[in-house]
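Q: Please go through this structure and explain, step by step, how the computed values lead to the words used for it.

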Amino acid sequence: MIRTDLWRVGVVKAPMAAIIAAGSLDGFEMLWLPAEGPLRFMADPFGLWKDGLLHIFVETYDYRTRHGAIDVLILDEKLNLLAREPALREPWHLSYPFVFEADGAIWLLPEAYKSGRLTLYRATEFPWRWEAEERFVFPEAAIDATPVRTASGWRMFYTPPGPKPWRTSALKLARADCLFGPWKVSEEALILLDRGGARMGGTPLWQDDRLLLPTQDCRKTYGGAIAIREMRDAGDPAPQIAAGPHIAAPCAFHPYVDGLHTMSAAGPVTLVDAKRTVRSFRHLGIKIARAF
């Protein structure tokens, strides 16, 4: 048998600030989205409200193809699921569909480091049609890239594609005056090296003069929990970073209690994903067949 991580997406009926203040997901009302079939999952939820509807963008993954794509689920104000459709497909793996509004448009910045680059997409017919923005150029094939607008321009938090150990332990910071760039990565770009909370895991949140960053605690397992990092002076070349709350999947999430690696704000609700790890003969058979 082989250990297989299966993720599931949920909607917490509370704003992200309330969860961080509590330092826990215990006691918050939760709505799970439908689970996928065998050897498949949804993960990395990011949401955007538009015209009274909540649009949740997720990675969909199938162990049989080892390929991720982006779907969008649409919920009404009462969080009833109205529709689910494909949003973005590419020849390479896609995940972490960070969706945001800026400069009069809606943008999608998915992780796609296996393509060799970071690509920004603009909605041409939200939420179904997206077009690559050729004016956007980033110096690395960033993993889980997370943009933030500050008073002095744009900041991009991300994990570099190499060396391999850094994929779960490194956080870099790039700067630009505008969203399209040019993006600058200085010698001081590596601002955190910590397997216990460096790779991004959701939407940053401003609280007064602090920027709260949800990152992944990967010490025991990939995406084991959310570790909040508190940053002051995000515009400085070497910003000060402090440890904040550590938020794990509560017992109420059973059987999805083996990990939590995304927490993203969507107005009055917060989107999370949690995992359960199973042993699967089917997954083992797929890996053996792929080896021959």
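A: A residue counts as exposed when its relative accessible area is over 50%, as buried when it is under 20%, and as partly exposed in between. The model discussed here is a predicted one.

Q: Why is Cys 251 called exposed?
A: The relative accessible area of Cys 251 is 74%, and since the cut-off for exposed is over 50%, Cys 251 is classed as exposed.

Q: What makes Cys 178 partly exposed?
A: Cys 178 has a relative accessibility of 34%, and because partly exposed covers the values between 20% and 50%, Cys 178 counts as partly exposed.

Q: How many disulfides does the model have?
A: The count is 0, where the rule asks for a pair of cysteine sulfur atoms within 2.5 Å.

Q: Why is Ala 170 called buried, and what does Ala 170 touch?
A: Ala 170 has 0% relative accessibility, and buried means under 20%, so Ala 170 counts as buried. Ala 170 belongs to strand β13, residues 170-176, and its contacts, leaving aside residues up to four places away in sequence, include Tyr 158, Pro 160, Leu 190, Leu 192 and Arg 199. Ala 170 and Leu 192 are 22 residues apart in sequence, while their C-alpha atoms are 5.8 Å apart in space.

Q: What makes Lys 275 count as buried?
A: At 0% relative accessibility, set against a cut-off of under 20%, Lys 275 is classed as buried. Lys 275 lies in strand β20, residues 269-280, and among the residues it touches, not counting those up to four places away in sequence, are Asp 5, Trp 7, Tyr 222, Tyr 256 and Asp 258.

Q: How do you know that strand β8 is largely enclosed by the rest of the structure?
A: In strand β8 (residues 105-111), 7 of the 7 residues are buried, so the strand is largely enclosed by the rest of the structure. Both faces are covered, with Ala 105, Trp 107, Leu 109 and Glu 111 buried on one side, and Ile 106, Leu 108 and Pro 110 buried on the other.

Q: What makes β8 a partner of β7 and of β9?
A: Two strands pair if there are at least two bridges between them; β7 (residues 95-102) and β8 are joined by 6 bridges, and β8 and β9 (residues 121-125) by 2 bridges, with an antiparallel run in the β7 case and likewise in the β9 case. Glu 101 has Ile 106 of β8 as its bridge partner, whereas Trp 107 has Arg 122 of β9. The hairpin of β7 and β8 has 2 residues between the strands, and there Asp 103 takes a positive phi near 55°.

Q: Why are β3 and β6 said to stand at the edges?
A: The open sheet of 4 strands has the order β3-β4-β5-β6, with antiparallel pairing. Both β3 (40-50) and β6 (81-88) have a single partner strand, so one side of each is left without a neighbour in the sheet. Neighbouring strands of this sheet are turned by 25° against each other on average, direction ignored. Within the sheet, β4 (residues 53-62) and β5 (residues 67-75) pair over 9 bridges, and Val 58 has Asp 71 in β5 as its bridge partner.

Q: Which residues of the largest nonpolar core touch the most other members?
A: Of the 49 residues in this core, those are Phe 57, Phe 100, Trp 130, Phe 136, Phe 138, Met 156 and Phe 157. A second, separate core has 18 residues, including Met 16 and Phe 253.

Technical notes:
Residues are numbered from 1 along each chain as its sequence is written. This is a predicted model: local features need pLDDT of at least 70, side-chain atom pairs count only at pLDDT 80 or more; totals for chains, interfaces and linings use all residues. Side-chain values use heavy atoms; hydrogens and water are left out. A nonpolar core is a set of buried Ala, Val, Leu, Ile, Met, Phe, Trp, Tyr and Cys residues joined through side-chain atoms within 4.5 Å. Buried means under 20% relative accessible area, exposed over 50%, partly exposed in between (1.4 Å probe, protein chains only). Axes are lines fitted to C-alpha atoms, for helices over the stretch in contact, and angles run from 0 to 180 degrees between N-to-C directions. Contact means heavy atoms within 4.5 Å.
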